[in-house]
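Got your viewer open? Let's take a walk through this one, selecting a piece at a time.

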Amino acid sequence: MGEVKAIKGADWKLEIGGLTELMGEKEGPALLFDRIQDYPPGFRILTNVFRTQKRAALSLRLDPNLSGIDLLNGWRMKLRTFKPVPVSVVEGGPLFENSMSDGEIDLERFPAPIWHEMDGGRYLGTGCCVITRDPESGRVNVGTYRCMIQGKNKVSVKVNKGKGGRIAMEKYHQAGQPCPVAISLGQEPSLFLASMSPLSPEINEYEYAGWLQGAPFPVVPGPLTGLPLPATAEIVLEGEIPPLESKDLPKEGPFGEWYGYFADTTVGEVPLMVVKKVYYRNDPIILGVPPLKPPNHYVSVPLGAAALWDQLEQAGIPDVKGVWGFVYSAQTGPFTVIAIRQRYAGHSKQALLVASGARAGAYGGKFMVVVDDDVDITNPYDVIWAMSTRCNVREGVDLVKGVWTSPAEPAIPPASRSPRGYTMDRVLIDACRPYQWLDEFPQVNVFPKEYKRDLEKKWKL
Ligand SMILES: Cc1cc2nc3c(=O)[nH]c(=O)nc-3n(C[C@H](O)[C@H](O)[C@H](O)COP(=O)(O)O)c2cc1C
């Protein structure tokens with residue numbers, strides 16, 4: 001299918017990251033790196049898997065011909081069919097073809113790249129799945145949190161406050177106990193997509209991955225922790241996160257983040273995992289998903305917009321025709337656009353207010369824009385045109401202060417950075433034609449599509 005290109009002999013120091021960025025910009029094939037400098041053949045890294053809408057659609061088990069808002073809506077409709085598929089517990093598996101224990105462990109035996117020029121270290125975990133279990137409910141959580149090598153047998157796990165893995169870890173630590181943890185560094189796309197999605201806590205990511213791939217997800221109990229490990233994983237680290245004091249926690253970052261900046265460097269804040277066991281298949285493949293400067297997104301459709309679209313509907317906002325983000329991660333991010341068919345005065349403002357506080361729209365937000373549904377919200381030019389021409393600034397722009405945000409937000413002033421939490425203000429922009437005089441608003445200066453199609457035919461253009 002020409003969707004994967006093999007690259008032999010690249011340097012882990014910068015070339016793997018540079019080539020990933022370059023081919024991401026071109027929306028080219030996925031890259032499979034082998035014979036990486038300083039490493040034996042077979043220790044491979046796969047990047048840009050979800051970079052095109054076609055490959056994203058294939059991974060979501062949707063029609064690969066879908067694109068833009070149709071792809072997003074296809075995903076939204078598919079989500080409505082979600083039914084958890086129980087895991088199948090298996091014994092052993094290819095994951096255990098090789099292993100290392102305690103003193104033998106050297107994480108640099110795996111080709112962890114320096115993904116971006118100013119990264120503070122080697123990030124082994126980018127497209128990874130961090131597995132924990134809540135000590136009270138017994139519920140298993142799988143989440144994607146970046147992991148930087150911090151020593152032969154140590155990685156920092158940057159699980160931010162409020163995330164599923166963090167809540168489980170804090171419960172162990174409050175009881176003075178280490179938190180058992182396992183990290184898969186390469187696995188089925190279905191599990192990665194589950195792991196990076198903001199699922200509600202009662203949904204088990206393995207059962208979600210089973211639904212997505214149409215078959216029970218095979219798991220094997222971790223020999224050390226008993227945590228369910230993906231039996232088909234390429235590499236798994238097993239160990240614990242001890243309850244350390246801040247002075248014993250390492251420097252983490254900087255790291256090239258999804259906002260497009262080196263941000264979020266901390267000392268003494270990011271939990272540290274002690275790796276006690278490593279299992280890996282012969283010729284393992286690490287899934288590399290480094291964040292890149294937008295629009296070079298690691299998944300080429302803002303999946304979080306499907307959740308926000310649903311949340312707007314659940315809040316009773318009628319006639320939402322689409323939701324999109326231009327600078328996004330798992331959520332729609334700091335530039336979110338909503339399209340509505342206006343039904344009453346105040347409809348557009350209501351959509352803005354709900355979206356900027358809804359779970360899927362709040363985190364990491366900044367500019368929230370609402371437009372009429374004749375605007376193509378996947379096209380930044382069309383959105384800017386609507387904002388420039390339809391927004392009546394004094395009526396249409398509002399400021400909301402102090403909403404939940406990500407520590408990776410670059411515009412938080414240094415003096416306001418604190419492990420106590422992060423907020424950012426919101427600008428709500430109503431770029432809909434004013435409902436009260438909709439009929440009098442100037443008509444758009446463009447021929448109908450059908451007429452232009454006829455012209456093309458007639459004049460053989
Ligand atoms: C490539 C990638 C890297 C991510 N890195 C982090 C990270 O370092 N820390 C974090 O808290 N969330 C990170 N996220 C977002 C989480 O994976 C996402 O919020 C997920 O829903 C967390 O799951 P949880 O709610 O079960 O904790 C990342 C997502 C992706 C796709």
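Start by colouring residues 4–288 one way and 304–440 another: the domain assignment of the chain calls these domain 1 and domain 2. Keep in mind as you click around that this is a predicted model.

**Stop 1: where the domains meet**

Zoom out so you can see both. The C-alpha centres of domain 1 and domain 2 lie 30 Å apart. The contact draws on 20 residues from domain 1 and 27 residues from domain 2. Together the two domains bury about 1900 Å² between them, with 67% of that on carbon and sulfur atoms.

Which three residues of domain 1 supply more of its buried area than any other three? Select Arg 76, Trp 258 and Tyr 259: they account for 38% of the area that domain 1 buries against domain 2.

Now hunt for charges. There are four salt bridges between domain 1 and domain 2. For a salt bridge to look at up close, show the side chains of Asp 310 and Arg 80, which meet at 2.8 Å, N to O.

**Stop 2: helix 1**

Next, select residues 15–25, which make up helix 1. Show Ile 16, Gly 17, Thr 20, Met 23 and Gly 24 as sticks; these are buried. Look down the axis and you'll see that they sit on the same side of helix 1, because they cover an arc of only 140° around it. What lies over them? Strand 2 (30–34) and strand 3 (44–47) are among the elements that cover these buried residues.

Before moving on, click Glu 27, just after helix 1: Glu 27 takes a positive phi of about 50°.

**Stop 3: a three-stranded sheet**

Switch to cartoon view and find the open sheet with strand order 4-12-13 and mixed pairing. Its edge strands are strand 4 (88–89) and strand 13 (228–230), each pairing on one side only. Strand 4 runs parallel to strand 12 (residues 218–221), and two bridges join them. To see a bridge pair, select Val 89 together with its partner in strand 12, Val 219.

**Stop 4: an arginine in helix 4**

Last, select residues 164–174, helix 4, and pick out Arg 166. Is Arg 166 buried or exposed? Arg 166 has a relative accessibility of 10%, so it counts as buried. Leaving aside residues up to four places away in sequence, Arg 166 touches Val 159, Asn 160, Lys 161, Glu 269 and Pro 271. Show those five as sticks to see what surrounds Arg 166.

Technical notes
Residues numbered from 1 in each chain as written. Predicted model: local features only at pLDDT ≥ 70, side-chain atom pairs only at ≥ 80, totals over all residues. Heavy atoms only, no water. Buried < 20%, exposed > 50% of the residue type's maximum accessible area, 1.4 Å probe, protein only. Helix = DSSP H or I, 4+ residues; strand = E, 2+ residues; numbered from the N terminus. Arc of directions from axis to C-beta. Contact = heavy atoms within 4.5 Å. Pairing = 2+ DSSP bridges. Domains from an automatic or database assignment. Buried area = accessible area lost by both parts, 1.4 Å probe.
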